Amino acid sequence: MKKAAIIISFGTSHKDARESSLDVLCNELKNVDKDVKVYEAYTSTIIKRKLKDQGIEKYNVDEAVNAVLNEGADVLCALPTHMIPGYEYNKVLNTVEKYRSDFKEIRIAPAVLESEKDCKKIADIIEKILNVKSENEYILMGHGTDADANVRYEQMNEAFAEKGLKNVRIASVEAHPNIDDAICNIRSPKEVKKVIVQPFMVVAGDHAKNDMVGNDDSFVAKLCELGYNTEAVIKGLGEYSLFRKIYKDNYINILK
């Protein structure tokens, strides 16, 4: 059977974030099995349009699947990079499933936090990435959604607490737990050396550069206003090889 793969992301129009995360991931996965052609797809129409204005063309999911069909592959391996199985992830599933009858087999990798049990594994990885120190507080900016899968962010906080990392927590942009929830649970400015704020997202794009740091109502602005010594790390999780290994392992599993 001839296999082909599609790496599916929401996407980003930020060149630095794309090159240091999504591009690195795609190049690593292309080297897993040189006999499997790897395509890339972005789901955001707005981002695709912005990139096209820059002379960069990206497939959407339908276009990528059709490219795979034109190649003559009969096994499609789809790897979404989404953190949780929310609306965006389910849209990917629905799009790919339309082509079920066109392939002998379609294999789809799970979201990073597909189930509650994944939270403990990710908490272990995040602890290593952050190199957590007890004198600091750590706030990780998630996206947030009104989908049921938003519960994963609270489950991540529970997983951190179970590991004894009560100074690490998720605060999402568009749902609870949010930055105000996080601030209510951190120590006072006199009790901590600094608060480190970092994305809990694959890519450090618009949300990281605006909602986390840039605007007057950003995570960092709110913390500074309360007197916290704050450090912002504008680095997506996809920039860490330890985190990219999650995708590599999922990719290898669906290639088997």
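This briefing covers the pockets, one open sheet and the cysteines of the structure. The model is predicted. Its largest pocket holds about 770 Å³ of space, and the second largest pocket has a volume of about 180 Å³. Four strands make up an open sheet with parallel pairing, and the structure contains zero disulfides.

**Largest pocket**

- The volume of the largest pocket is about 770 Å³. Its lining consists of 31 residues, and those closest to the centre are Phe-10, Glu-88, His-143, Met-201 and His-207.
- Three helices each give at least two residues to the lining of the largest pocket: helix 2 (45–53), helix 4 (87–97) and helix 8 (206–212).
- Sorted by class, this lining comprises 14 polar, 13 nonpolar and four charged residues.

**Second largest pocket**

- The second largest pocket has 14 lining residues, with Glu-154, Asn-157, Val-168, Arg-169 and Asn-185 nearest its centre.
- Helix 6 (151–162), strand 6 (168–172) and helix 7 (179–185) each contribute at least two residues to the lining of the second largest pocket. Helix 6 has the largest share, with four residues.
- Seven nonpolar, three polar and four charged residues form the lining of the second largest pocket.

**Open sheet**

- The strand order in the sheet is 2-1-3-4, and the pairing is parallel. Strand 2 (37–42) and strand 4 (105–108) are the edge strands; each has a single partner strand, so one side of each lacks a neighbour in the sheet.
- On average, neighbouring strands of this sheet are turned by 20 degrees against each other, direction ignored.
- Strand 3 (residues 75–80) pairs with strand 4 in the parallel sense, over four bridges. Leu-76 lies opposite Ile-106 of strand 4.

**Cysteines**

- A disulfide is a covalent bond between the sulfur atoms of two cysteines. The structure has zero of them.
- For Cys-77, the closest cysteine sulfur is that of Cys-26, and because the two sulfurs are 14 Å apart, they are too far from each other for a bond. Cys-77 is buried, because its relative accessibility is 1% and the cut-off for buried is under 20%.
- For Cys-224, the closest cysteine sulfur belongs to Cys-184, at 18 Å, which is also too far for a bond. Cys-224 has a relative accessible area of 43% and is therefore partly exposed.

Technical notes. Residues numbered from 1 in each chain as written. Predicted model: local features only at pLDDT ≥ 70, side-chain atom pairs only at ≥ 80, totals over all residues. Heavy atoms only, no water. 1 Å grid on protein atoms, 1.4 Å probe; cavity = no way out; pocket = protein on both sides within 12 Å on 5 of 7 lines; lining within 4 Å. Points joined across faces, edges and corners; volume = space filled by probe spheres on them. Nonpolar A, V, L, I, M, F, W, Y, C, P; charged D, E, K, R; others polar. Pairing = 2+ DSSP bridges. Axes fitted to C-alpha atoms, helices over the stretch in contact; angles between N-to-C directions. Disulfide = S-S within 2.5 Å. Buried < 20%, exposed > 50% of the residue type's maximum accessible area, 1.4 Å probe, protein only.
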